Amino acid sequence: MRYLNLCLLVLFPIAWFAPLMRAAVLPIFGMDEISVITGLQALWATDAVLALVVTFLAVFAPMAKVAGVALVDFGLLAPRVMPVLQVMGKLAMADVFLLAIYIVLIKGAGLVTVETAWGLYLFTGCILASLVLSHRGPSGAAHRA
């Protein structure tokens with residue numbers, strides 16, 4: 001299980017650059033791919049406070065949680081920090097919820113065509129895998145810590 005958690009340290013950055021969705025005002029003009037990174041770039045240009053919150057939820061919270069769980073798994077951090085890491089995982093899940101709301105709102109407006117892309121599933125899968133891996137019991141290494 002600890003190696004599955006370490007895989008998330010590689011998969012999360014891939015998910016940040018992977019296309020989450022494709023959007024266009026009218027489909028005849030072509031679809032622009034939107035990733036976590038391109039979304040954050042656009043957000044930083046328009047609303048720095050919201051960009052800071054979303055950057056924390058989408059980038060820092062998941063990576064801090066995965067790194068923390070890895071440290072616990074390898075006996076380098078005390079297992080008593082697991083509740084804090086679980087809270088980090090819940091915060092990280094909030095951005096997937098925000099993305100879902102944005103997709104629903106955009107589709108509801110009827111002016112924009114939005115298609116989900118494979119990166120949305122990868123990013124959601126990384127978040128869910130991170131939640132599952134942090135809710136399991138501590139590994140043998142963490143028991144010895």
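Where in the protein chain is confidence lowest, and where is it highest? Keep that question in mind while you open the model, which is predicted: local features need pLDDT of at least 70, side-chain atom pairs count only at pLDDT 80 or more, and totals for chains, interfaces and linings use all residues. Residues are numbered from 1 along each chain as its sequence is written, and side-chain values use heavy atoms, with hydrogens and water left out.

**Stop 1: colour by confidence**

Colour the chain by pLDDT, the predictor's confidence in each residue, from 0 to 100. Confidence is lowest in helix H6 (residues 140-144), with a mean of 42, and highest in H1, at 91. Now select residues 139-145: the pLDDT there is below 50, and beyond near neighbours in sequence this stretch has 14 contacts in the model. A contact means heavy atoms within 4.5 Å. For the protein chain, the mean pLDDT is 80, and 76% of the residues reach 70 or more.

**Stop 2: the cartoon view**

Switch to cartoon and you can find six helices and three strands. Helices (H or I, at least four residues) and strands (E, at least two) are DSSP runs, numbered from the N terminus. Followed along the sequence, the pattern reads α-β-β-α-α-α-β-α-α. Contacts also join parts of the chain that are far apart in sequence: of those with a separation of 6 or more, 68% are between residues 24 or more positions apart.

**Stop 3: into the core**

Next, select Leu8, Phe12, Trp16, Val36, Phe123 and Ile127. Which set do they belong to? They are the residues with the most contacts inside the largest nonpolar core, which has 22 residues. Helices H1 (2-17), H2 (36-46), H3 (48-73), H4 (82-109) and H5 (118-135) each supply at least two residues of this core. A nonpolar core is a set of buried Ala, Val, Leu, Ile, Met, Phe, Trp, Tyr and Cys residues joined through side-chain atoms within 4.5 Å. Buried means under 20% relative accessible area, exposed means over 50%, and partly exposed is in between (1.4 Å probe, protein chains only). In soluble globular proteins, nonpolar side chains tend to be buried together. Of the 145 residues in this chain, 38% count as buried.

Zoom in on phenylalanine 123, in helix H5. Phenylalanine 123 counts as buried because its relative accessibility is 0%. Show proline 19 as well: the two are 104 residues apart in sequence, yet 9.8 Å apart in space, C-alpha to C-alpha.

**Stop 4: a glycine in H4**

Move to glycine 89, in helix H4. Is glycine 89 buried or exposed? It is buried, since its relative accessible area is 3%. Leaving aside neighbours within four places in sequence, glycine 89 is in contact with Lys65 and Leu131. Measure from the C-alpha atom of glycine 89 to that of leucine 128, 39 residues away along the chain, and you should find 8.7 Å.

Leucine 131 sits in helix H5 and, at 15% relative accessibility, counts as buried. Leucine 131 and leucine 85 are 46 residues apart in sequence and 9.4 Å apart, C-alpha to C-alpha.

For a contrast, select valine 84, also placed in helix H4. Valine 84 is exposed, with a relative accessible area of 54%.

**Stop 5: the salt bridge**

Show the side chains of arginine 22 and glutamate 33, which meet in a salt bridge (3.3 Å, N to O). The pair links strand E1 (residues 21-24), home of arginine 22, with strand E2 (residues 32-34), home of glutamate 33, eleven residues apart. A salt bridge is a side-chain nitrogen of Lys or Arg within 4 Å of a carboxyl oxygen of Asp or Glu, and by this rule the count comes to one. Both partners are partly exposed: arginine 22 has a relative accessible area of 24%, and glutamate 33 is at 48%.

**Stop 6: out to the surface**

Finally, turn on the surface. The accessible surface comes to about 8,000 Å², and 75% of it belongs to carbon and sulfur atoms. Accessible areas come from the Shrake-Rupley method with a 1.4 Å probe; for residues, only the protein chains shown count as cover.

Select Val10, Leu11, Ile14 and Trp118, which make a nonpolar patch of about 380 Å². Patches are made of residues with over 30% relative accessible area and no salt bridge: like charges are joined within 9 Å, nonpolar side chains (Val, Leu, Ile, Met, Phe, Trp, Tyr) within 5 Å. H1 gives the most to this patch, with three residues. Leucine 11, found in H1, is partly exposed, at 32% relative accessible area.
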